[in-house]
Amino acid sequence: MHNITLIKGDGIGPEISESVLKIIEAAGVNINWDIQTAGADVIETEGVPLPNRVLESVKKNKVALKSPVTTPIGKGFRSVNVQLRKELDLYANLRPCYNLPNVKTRYENVDIVVVRENTEDLYAGIEKQIDENTAESIKRITRSASERIARFAFDYAVKNNRKFITVVTKANICKLSDGLFLESARNVAAEYNVPLKEILVDNCCMQLVQNPNQFDVLLLPNLYGDIVSDLCAGLIGGLGIAQGANIGKEYAVFEPVHGSAPDIAGQDKANPTAMLMSAIEMLNFIGENVAGKKIRTALFKTFSNNIKTADLGGNSKCSEFTNSIIKNMD
Ligand code: NAI
């Protein structure tokens with residue numbers, strides 16, 4: 001029996017959570033879910049979007065599966081996601097992107113793993129209002145965080161037989177901050193047998209849309225990682241299938257890349273694949289590899305049978321897609 005926190009989120013969060021829980025149960029994995037709510041709805045009742053009970057639950061269980069949470073733009077509370085990553089020191093964001101059967105995309109055989117630093121850079125949201133007409137954001141990069149994420153990327157590459165790593169920066173302009181990230185990657189690379197390539201982020205974006213097959217593992221500071229990983233999600237068929245994980249030394253939170261999709265919430269239209277693939281990674285992480293493989297095989301079979309949700313050009317509802325995966329596990 002595994003104790004795992006489930007953060008249900010809002011928008012399409014509850015729908016895709018329900019789908020994934022049903023599939024995991026059908027695969028026969030024994031999980032005691034500690035279901036926690038967070039996000040905009042919780043502010044009304046508890047005053048904050050990420051109450052302490054959620055953090056305590058993840059700290060107790062060490063592993064969480066999280067569905068998306070709405071972050072109001074402009075003002076208000078700090079993003080639940082940023083706060084979770086910071087409080088639990090989930091320093092590595094891992095987003096494998098590869099093609100799925102029958103999901104038509106511009107390119108075939110895309111297989112890129114995005115490793116994004118998750119705790120600092122502009123994404124940390126250290127901002128100051130200088131005066132009414134001026135605002136400032138601090139881009140803070142440290143050697144320790146940069147070397148830590150570089151080491152994570154190299155260890156991942158070794159463990160998963162990846163061929164090389166490309167470090168992505170704008171070190172020609174942000175000479176000190178991105179320069180430090182690049183220097184850290186070079187220093188760590190010297191300890192491994194995996195080659196390190198270097199590219200500037202603007203060129204990287206252009207190369208990705210022209211020829212994504214030239215890349216293997218990408219290593220990026222937080223903000224570029226955020227943007228480039230969405231670009232990579234677009235290469236394989238969109239946000240509905242893009243999985244993610246936030247991993248630290250002590251805790252791990254698995255979550256889809258996409259947001260709460262308020263435009264389709266409550267309509268049984270959401271694609272649960274990104275959440276499901278994040279859950280498969282979670283199952284592998286806790287040693288339930290057999291169940292993970294069983295679910296992945298059933299998911300691929302569903303796609304091979306051309307059963308897809310509307311975001312991928314299909315006409316299946318979230319619930320129908322879910323039932324098809326469960327049926328394919330028989
Ligand atoms: P979004 O990812 O929620 O939606 C962008 C577009 O993709 C929408 O058209 C949506 O319908 C579609 N989409 C996303 N996931 C889908 C799925 N599983 N199935 C089918 N279609 C899907 O991004 P948006 O609209 O920018 O953000 C909405 C809210 O989500 C915001 O409050 C944002 O802050 C929050 N957000 C939360 C994240 C998280 O909790 N990890 C990550 C990204 C955004």
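## Ligand shell

In this predicted model, the ligand is surrounded by 21 residues, of which Val-69, Thr-71, Gly-259, Ala-261 and Asp-263 are the closest. When the residues of this shell are sorted by character, nine are nonpolar, eight are polar and four are charged.

## Polar atoms facing the ligand

Oxygen atoms of the ligand are approached both by a side chain and by the backbone: a polar side-chain atom of Lys-66 lies 3.2 Å from a ligand oxygen, while a backbone N or O atom of Gly-259, a residue listed among the closest to the ligand, lies 2.7 Å from an oxygen atom of the ligand. A nitrogen atom of the ligand, in turn, has a backbone N or O atom of Asn-271 at 2.9 Å. Taken alone, the ligand would expose 800 Å², and the protein buries 69% of that area.

## Helices α9 and α10

Helix α9, which spans residues 273-285, packs against helix α10, residues 289-304, with axes that come within 8 Å and cross at roughly 155 degrees. Because angles over 145 degrees count as roughly antiparallel, α9 is described as roughly antiparallel to α10. The handedness of the crossing between α9 and α10 is left-handed.

## Helices α5 and α6

A second packed pair is formed by helix α5, residues 143-159, and helix α6, residues 177-189, whose axes are 8 Å apart and meet at an angle of about 45 degrees. That angle makes α5 oblique to α6, and α5 passes α6 in a right-handed crossing.

## Helices α1 and α11

Helix α1, made of residues 13-26, and helix α11, made of residues 318-327, have axes that come within 10 Å of each other and cross at roughly 10 degrees. Since angles under 35 degrees count as roughly parallel, α1 and α11 are therefore roughly parallel to each other. Their crossing, that of α1 and α11, is right-handed.

Conventions:
Residues numbered from 1 in each chain as written. Predicted model: local features only at pLDDT ≥ 70, side-chain atom pairs only at ≥ 80, totals over all residues. Heavy atoms only, no water. Near = heavy atom within 4 Å. Polar contact = N/O pair within 3.5 Å; in protein donor to acceptor, adjacent residues only side chain to side chain. Areas by Shrake-Rupley, 256 points an atom, 1.4 Å probe, with all protein chains shown as cover. Nonpolar A, V, L, I, M, F, W, Y, C, P; charged D, E, K, R; others polar. Axes fitted to C-alpha atoms, helices over the stretch in contact; angles between N-to-C directions. Helix = DSSP H or I, 4+ residues; strand = E, 2+ residues; numbered from the N terminus. Parallel < 35°, antiparallel > 145°, perpendicular 65-115°, else oblique. Left-handed = near helix turned anticlockwise from the far one by under 90°.
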